[in-house]
Amino acid sequence: TNGQDVAEAPGPSIPVGSLVTWDYVVTNTGNVTLENIQVWDNMIGQICVIGSLAPGETAACSATGTAIEGQYMNIGKVITFYGGTPKTGIKVKDIDRSYYVGVP
């Protein structure tokens with residue numbers, strides 16, 4: 001959130017109506033290449049699709065919004081299916097929460 005890794009509330013104070021930027025950084029910590037990696041946010045929806053990540057490789061995408069008043073939390077989620085489709089592949093996923101406080 002605005003350049004900070006904010007895994008616990010309350011997070012930074014951001015004036016209501018100001019621009020908020022979320023960066024979604026995805027790293028393949030495994031030992032196989034992953035493909036068609038979907039990055040989602042529970043408040044915004046789909047953020048991006050990363051075509052391929054080799055072991056140890058990192059990719060990033062971002063989204064923006066407008067700060068609202070009060071405590072805010074969103075959850076970034078990444079998901080892919082190694083070796084196939086959602087029906088045949090092995091599900092690989094992770095989540096990360098982010099917080100800020102919108103102040104008048």
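# Briefing: pocket, core and local geometry

The lining of the largest pocket draws at least two residues from each of β2 (19-27), β3 (34-41), β6 (70-82) and β7 (90-103). The model is predicted. Its chain has 104 residues, and 33% of them are buried. Secondary structure amounts to 7 strands and 0 helices.

**Overall build**

- Read from the N terminus, the order of elements is β-β-β-β-β-β-β.
- A box of roughly 50 × 25 × 20 Å along the principal axes holds the C-alpha atoms of the chain.
- Among contacts with a separation of 6 or more, 61% join residues 24 or more positions apart.

**Largest pocket**

- The space in the largest pocket comes to about 680 Å³.
- The lining of this pocket has 34 residues, and those closest to the centre are Tyr24, Val25, Val26, Val78 and Asp96.
- By residue class, the lining contains 15 nonpolar, 11 polar and 8 charged residues.

**Largest nonpolar core**

- The largest nonpolar core has 19 residues, of which Tyr24, Val26, Ile37, Val39, Ile50 and Tyr100 touch the most other members.
- Two or more residues of this core come from each of β2, β3, β4 (45-53), β5 (58-66) and β6.
- Tyr24 appears both in the group closest to the centre of the largest pocket and in the group of core residues that touch the most other members.
- Val26 is likewise named in the group closest to the pocket centre and in that core group.
- Beyond four places in sequence, Tyr24 touches Val39, Trp40, Asp41, Ile44, Ile47, Ala59, Ala60, Cys61, Ser62, Ala63, Asn74 and Gly76.
- One of these contacts of Tyr24 is Val39, which is itself listed among the core residues with the most touching members.

**Strand β6: Ile79 and Thr80**

- Isoleucine 79 belongs to strand β6, and threonine 80 lies in β6 as well.
- Isoleucine 79 counts as buried because its relative accessibility is 13%, under the 20% limit for that class.
- Threonine 80 has a relative accessibility of 5% and therefore also counts as buried.
- Neighbours within four places left aside, threonine 80 is in contact with Leu34, Glu35, Asn36, Ile37, Ile90, Lys91 and Val92.
- With residues up to four places away not counted, isoleucine 79 touches Asn36, Ile37, Gln38, Trp40, Lys91, Val92 and Lys93.
- Asn36, Ile37, Lys91 and Val92 are in both contact lists, that of threonine 80 and that of isoleucine 79.
- A distance of 3.4 Å separates the side chain of threonine 80 from the backbone oxygen of asparagine 36.
- Between the C-alpha atoms of isoleucine 79 and asparagine 36 the distance is 8.7 Å, with the two positions 43 residues apart along the chain counted as their separation.

**Backbone geometry**

- Asparagine 36, in strand β3, has a positive phi near 50 degrees although the residue is not glycine.
- Asparagine 36 is classed as partly exposed because its relative accessible area is 44%, which falls between the 20% and 50% limits.
- Asparagine 2 is another non-glycine residue with a positive phi, here about 50 degrees.
- The position of asparagine 2 is in the segment before β1, and its relative accessible area of 34% makes this residue partly exposed.
- The peptide bond between alanine 9 and proline 10 is cis, with omega at about 10 degrees.
- Proline 10 sits in the segment before β1 (13-15).

**Loop between β6 and β7**

- Threonine 88 is part of the loop that links β6 and β7.
- At a relative accessible area of 58%, threonine 88 is exposed, the limit for that class being over 50%.
- A polar atom of the threonine 88 side chain lies 3.0 Å from the backbone nitrogen of threonine 85.
- Threonine 88 and glycine 11 are 77 residues apart along the chain, and their C-alpha atoms are separated by 39 Å.

Technical notes: Residues are numbered from 1 along each chain as its sequence is written. This is a predicted model: local features need pLDDT of at least 70, side-chain atom pairs count only at pLDDT 80 or more; totals for chains, interfaces and linings use all residues. Side-chain values use heavy atoms; hydrogens and water are left out. On a 1 Å grid over the protein atoms alone, a cavity is a set of points where a 1.4 Å probe fits but cannot get out, and a pocket is an open set with protein on both sides within 12 Å along at least five of seven lines; lining residues have an atom within 4 Å of a point. Grid points are joined across faces, edges and corners, and a volume is the space filled by probe spheres set on the points. Helices (H or I, at least four residues) and strands (E, at least two) are DSSP runs, numbered from the N terminus. Ala, Val, Leu, Ile, Met, Phe, Trp, Tyr, Cys and Pro count as nonpolar, Asp, Glu, Lys and Arg as charged, and the others, Gly among them, as polar. Buried means under 20% relative accessible area, exposed over 50%, partly exposed in between (1.4 Å probe, protein chains only). A polar contact is a pair of N or O atoms within 3.5 Å; within protein, one must be able to donate a hydrogen and the other to accept it, and residues adjacent in sequence count only if both atoms are side-chain atoms. Contact means heavy atoms within 4.5 Å. A nonpolar core is a set of buried Ala, Val, Leu, Ile, Met, Phe, Trp, Tyr and Cys residues joined through side-chain atoms within 4.5 Å.
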